[in-house]
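User: Could you take me through how the helices, domains and chains of this structure are arranged against one another?

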2 protein chains.
Amino acid sequence: MAKAGKLDKSSEPLSVDMLHKMNAYFSAANYLSVGQIYLFNNPLLREPLKPDDIKPRLLGHWGTTPGLNFVYVHMNRVIKKYDLDMIFVTGPGHGGPALVANTYLEGTYSEFYPNVSEDEEGMKKLFTQFSFPGGIPSHTAAETPGSINEGGELGYSLSHAFGAAFDNPDLIVTCVVGDGEAETGPLATGWHSNKFINPVFDGAVLPILHLNDAKIAGPTVLGRIPPNELDELMRGYGYEPFYVEGSDPLIMHQKMAATMDTVITKIRKIQDDARKNGFKERPQWPMIVLRSPKGWTGPHVVDGQQIEGTFRAHQVPVSEVKTNPAHLKILNEWLLSYKPHELFDETGRLIPELAELAPKGLRRMGANPHANGGILLRELRMPDFRKYAVDVPSPGVVVAESTRVQGNMIRDVFVLNEEAKNFRVFSPDETASNRWGAVFEVTERSSMDEIKPTDDKVSHTGRVMEMLSEHQCEGWLEGYLLTGRHGFFPCYEAFIHVVDSMYNQHAKWLEVTRHIPWRRPIASLNYLLTSHVWRQDHNGLSHQNPGFIDLVMNKKADISRVYLPPDANCLLSVTDHCMRSRHRINVIVAGKQPALQYLNMDDAIKHCSAGIGIWEWASNDKGSEPDVVMACCGDVPTLETLAAVKILRERLPEVKIRVINVVNLMTLQQPSEHPNGLSDKEFDILFTKDKPIIFAYHGYPWLIHRLTYRRTNHQNMHVRGYKEEGTTTTPFDMVVLNDLDRYHLAGDVIDRLPSLGSRAAYTKQYLRDRLLEHKEYVYKYGEDMPNIRDWNWADGKS
Amino acid sequence: MAKAGKLDKSSEPLSVDMLHKMNAYFSAANYLSVGQIYLFNNPLLREPLKPDDIKPRLLGHWGTTPGLNFVYVHMNRVIKKYDLDMIFVTGPGHGGPALVANTYLEGTYSEFYPNVSEDEEGMKKLFTQFSFPGGIPSHTAAETPGSINEGGELGYSLSHAFGAAFDNPDLIVTCVVGDGEAETGPLATGWHSNKFINPVFDGAVLPILHLNDAKIAGPTVLGRIPPNELDELMRGYGYEPFYVEGSDPLIMHQKMAATMDTVITKIRKIQDDARKNGFKERPQWPMIVLRSPKGWTGPHVVDGQQIEGTFRAHQVPVSEVKTNPAHLKILNEWLLSYKPHELFDETGRLIPELAELAPKGLRRMGANPHANGGILLRELRMPDFRKYAVDVPSPGVVVAESTRVQGNMIRDVFVLNEEAKNFRVFSPDETASNRWGAVFEVTERSSMDEIKPTDDKVSHTGRVMEMLSEHQCEGWLEGYLLTGRHGFFPCYEAFIHVVDSMYNQHAKWLEVTRHIPWRRPIASLNYLLTSHVWRQDHNGLSHQNPGFIDLVMNKKADISRVYLPPDANCLLSVTDHCMRSRHRINVIVAGKQPALQYLNMDDAIKHCSAGIGIWEWASNDKGSEPDVVMACCGDVPTLETLAAVKILRERLPEVKIRVINVVNLMTLQQPSEHPNGLSDKEFDILFTKDKPIIFAYHGYPWLIHRLTYRRTNHQNMHVRGYKEEGTTTTPFDMVVLNDLDRYHLAGDVIDRLPSLGSRAAYTKQYLRDRLLEHKEYVYKYGEDMPNIRDWNWADGKS
């Protein structure tokens, strides 16, 4: 079937003794897995099972578990044989029992969880806690030693594995991909990660495609395509596949051991060649196709229906064990088939002859520090962000492209950490487009395929990871962070929604690990969202979406932060803060287009540290209570607010306006909801208790209401933002369409100050005229009027 | 290079005359494409270009455009030659100019947009409108005749194409996949759609992988892998690849024409065989790899840098044309290289010899009704949903699984529309798990690969589309709906976030097409979100996420609806309503677990029609003003609210409680925000103007505040919901962790009625005791207490 890599029948790498020991170890892992799913008492089966020994709720996924146990024991063997630094990423995440069983057998589980000791009492706890209140989930999770991949939502195992391998030349990441997970989009493109692995400087990923033919209820795509297609698919993805197929454990052990020897040798040869002779061309990395029965070694038939080898083995293969004596008997026999009394001694501990099969110390996959990256985390060497400051002699006259300025700082982060090799940028082909071009002064885009003379800044050693897949960028970055490194993900704002679900999962991982003492904090996941809604006028409605912030705000306060720096110096300050932070997800929203600059560096630092503040230079309420508060959050809303303030101050100078700028969105929340939240007293001092507030916000306006509804003066708050009005038009017309422009904002103020009288009416007419003039110009010339494009705060023209 | 499918050099399918005509047509399309990007005046180049002839802002993507023009002219040829029913799905969406140019050349554009007439004036408008305020986007969009795929966010072209082909046996969907888009996850798994195409009953998809080597700024993965890997990859995906590679247009036309003849003949042969002899096995469908230079036929070198064939041709290949005379000259020569004066007559119309190359009438791809599915939409034959009613003699005593009841109705939708073949269910392997098992009484899961005796309900003609990829399910369904059919997408609630971004794009498509008169309304996209947050206790935190509703609420009111029916009869009523609706996205959230039923069918219909209402039978404020309003939305919050009411009515009978249930979340909004919104008066009548409101909500509680902050009594509204507190535990403990349980809710009421005095304190102690008792039981036995599990409204025990 396989075109190559087929095993020579004469090769039997395991001695008879080793073969039986490995099979016994495999049995021990299977026994512990079944125990987790079923047993409440009687963990060593000292007497035949009684209904009371069974858990009240039977939960868990047996189907994929024995295959993972099989892989684990063979990984252990090669780790010992070749002294490998290896971690295990498990895609078929619901095989949680396998990873728990194996880390228990190797001793790491009891080291992390001393209550779950290596004896009968500990084994009982191991069984009880599984899928039990106060216990552990049924899938591979943050609680599982050695795991960097949550097994709830499927699709990200390969991306995580490759992220872990970047810049870890001595690490081999074994990644088991289930044939269910293999159907997801992220996984399907995840295979292409091999185009970004440099055999000199990076580690290796060993994918094991585990085919067991069925998912929850139906067949799998890769489980059922003809073998020649599967072979071509894997070769087409750039791998050299090796096959281990069958169901007799003893035969399968020999096959797997021989194959493991082959693939490890190949990986070492590829690396040795490249490290001695330099990188020549992308190698065909080996991968393994493991085809074994679903629910392998479990009950073959229950109630006349085949279980082993079918979808029926997916979860709990024998149900109603408490109430159906025949089923209880099947379970009893099934457990005894592993001969537990030959595996565990009288105290319940794995017998020494088997225990010695596991690697020692940090070589154990459950104890490998790469899978608990916080342990390995080194501080980034950070440049002094002040030195990239834009010179802002006075507010609103100098123009700069904020993300371009930020790019200079990121460039120097690469330089300062060149030796440590612990920082990368991940982006869907947008690094230059998002104005981070400066990074290409010191590094390049990564590619291991052909590089042509017409290419710009592409190399085999580039540290900018560009693949047109937000999933891949996110997955790689997560894998890189989880193994103790640092990174950044600049992205078009609208398309970050592609990874909403990955964000959710990573946020939950961070939240859970905060409460797991042995998990050390990792570097924050930093997003730059640019090419944002207000500057997608040319691309139209499909490119306009500020909703990622709303998603982020639904997660736990201790994990997520959202910053909307109004100018380049604020962006620098915020970037520095985010890159130094730990165990968070920081979302920075900033424009890339030329825009007015407001704060010099000292003021920017002060402003960003507070997260919110009055801009005295723009306000005219000096020391007294204002008539109106004009708040703004986001670079474009800030510009429009200032332009509105200028109109009002020129035309209605008697109106006392206070301008507030918000950088850190979390300051708006109650302190009980978020640690960055202003107290009600502070909020009232800023926003007054009863004056109208016109709030110009970058995203969906209702988010501001959601954050502030409990504040004293909320009923006077009037929020403008993006309300899904967009099309192909000009930048200024985008804000006009959403009533966020200077003329609408000024009008909003006038509408809320009825005492202004006739001058107000005159100004309202002025505002209406300006809007008409704008529309006429834009529809005629296709661009904004010069007085909009060239507007600034100081020049007296508005 | 290619293992097979290579062209015989001697085959020259095009006569010299035809060859030159097709090339001229290709030139005309290229000319019109360049014109759209650059020209403001002088569309026919009657005199040399002057700066004033150039648009003020140069926008658009030239790189992919000529390749699309090339494909289009060859599609036209085979449509005419074989009388094909064919539509064109364009993945490289920023090639908008190509589709606009070609539909203009074939006459459909001017039929849909009479102002853009087939003469000089119309051509000027065609050019001006492109990427211009009030005009059209630069990518393929809803405005583009013949399009069913928005080209902003990449990745969904193949899924859309296959969705269009299902149940359209005479249709061939040509789908161009760009090598940028090919890097996305959804596209990478989209290739596997061929495992679900039945050659007897479905149409065909002809994928054309368009390799032009680079994306915005870097190389593409598939553009740079060795040719043998690419060939294996396509064969591994199950296709037979044919290659058309080169840069000389005349040679390329011959190659493409020969290849098109080959692949169309192959498609017909596959279909004829299967339709005559029955389905035997999945065929190797043909596909084409088209390798042509990026920016083909455009300027080769500008300012000493190579443009054609490099990433520099991605967008506008010659910039600053208005101000740089040398660049203006390049543009002038470039446009003249297409010999516009030989292509268009004096009036600006395509000359007849070329116009006749296009198909006629509805065979034109811009006019094909499949690409404007509303035209073909037939009403579903719907069963009377009342006949599936659960018999509910009195509220809160009968137990049923809501989605299982709904499944009976869906089964009969399949039966009633068996002949029309215009309904399918799309789900990631969860149809049975989500309790829609009844559909398998009348249809099966679809698969064209091996079916084994151990499989359950899998067949080559199944209408349940299960692939473990939410992207694929969503993309197929969108393609199916956009071509005028009906469908349903049941999904785990947490994992629907995987398609957040696809939802955004589809919602925007629906919104835009509402304002395009020639686009007819299509069937609504219906989601069932089940296996929801409150019943993911066993799967833990990673499976708990009710946030999709929040995403949906950010979109336009005329598109999105969210329903949370509290029981099975309400679910039936809502399902019927959603399936009859048009041009919406309906989100239905409902549990699959056994749960109490409250309303008989008549009451359910009344309740769901109103969308919100007082449940008199649960209230004791008969005709008077209540002391407290207890509102609930979602099945589990409803259960907990009723249980709390019962406790309060037994222990504090003097408290007058009004129970309100919300089915349609949109009723809570202001009528100015949403057409379903209650007026303030109606809202005040229900919720009172000043009494405390305890609101138990299914999702994140702040959403309710966001929807109601303007209501009179908002300051008295206290909302409980999911606040990201979850773990592996029991169903009841899930609500306890989030303070949404009966004891917390009852306590919330007491806390807001200070006048209750000592009986209240006694009851509070009772509530605290119950919570302690619960925790103790759950941590000991791993399941909820019997009096929680078996609780009902009527039995007097609480």
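User: What is the handedness of the crossing of H1(B) and H2(B)?

Analyst: The model is a predicted one, and the two helices concerned are H1 (residues 16–38) and H2 (residues 65–82) of chain B. Among the residues that make their contact are B:Met22, B:Tyr25 and B:Phe26 of H1(B), with B:Asn69, B:Phe70 and B:Arg77 on the side of H2(B). The crossing of H1(B) and H2(B) is right-handed.

User: Which word describes how H1(B) lies to H2(B)?

Analyst: Two packed helices are described by the angle between their axes and by the distance between those axes. Here the axes of H1(B) and H2(B) come within 9 Å and cross at roughly 140°. An angle counts as roughly antiparallel over 145 degrees, and the crossing therefore makes H1(B) oblique to H2(B).

User: Which helix gives the most residues to the side of domain 1 of chain A that touches domain 2 of chain A?

Analyst: Domain 1 of chain A covers 16–360, while domain 2 of chain A is assigned as 385–389 + 398–595, and their C-alpha centres lie 34 Å apart. The contact takes 29 residues from domain 1 of chain A and 31 residues from domain 2 of chain A. On the domain 1 side, the elements that give two or more residues are helix H6 (157–165) and H7 of chain A. The one that gives the most, with six residues, is H6(A).

User: How many residues of the side of chain A that touches chain B are nonpolar, polar and charged?

Analyst: In the contact between the chains, 98 residues of chain A meet 98 residues of chain B. The elements of chain A that give two or more residues to this side include helix H7 (185–190), helix H16 (500–514) and helix H25 (758–781). By class, the side of chain A that touches chain B has 32 nonpolar, 38 polar and 28 charged residues.

User: What relation do chain A and chain B have?

Analyst: Chain A can be laid on chain B with an RMSD of 0.0 Å, by a turn of 180° and a shift of 0.0 Å along the axis. The same surface serves both copies, with 100% of the contact residues of chain A recurring in chain B. The turn and shift that superpose the chains therefore give the relation of a two-fold axis.

User: Which residue of chain A comes closest to the rotation axis?

Analyst: The axis in question is the one about which a turn of 180° lays chain A on chain B. Taken by C-alpha, the residue of chain A that comes closest to this rotation axis, at 2.0 Å, is A:Gly185.

Terms used. Residues are numbered from 1 along each chain as its sequence is written. Chains are lettered from A and ligands numbered from 1 in the order in which they are written. This is a predicted model: local features need pLDDT of at least 70, side-chain atom pairs count only at pLDDT 80 or more; totals for chains, interfaces and linings use all residues. Axes are lines fitted to C-alpha atoms, for helices over the stretch in contact, and angles run from 0 to 180 degrees between N-to-C directions. Helices (H or I, at least four residues) and strands (E, at least two) are DSSP runs, numbered from the N terminus. Angles under 35 degrees count as roughly parallel, over 145 as roughly antiparallel, 65 to 115 as roughly perpendicular and the rest as oblique. A crossing is left-handed if the near helix is turned anticlockwise from the far one by less than a right angle, and right-handed if clockwise. Two residues are in contact if their C-beta atoms, placed from the backbone, lie within 7 Å. Ala, Val, Leu, Ile, Met, Phe, Trp, Tyr, Cys and Pro count as nonpolar, Asp, Glu, Lys and Arg as charged, and the others, Gly among them, as polar. Domain bounds come from an automatic or database domain assignment. Copies are superposed by least squares on the C-alpha atoms of residues with pLDDT of at least 70 in both.
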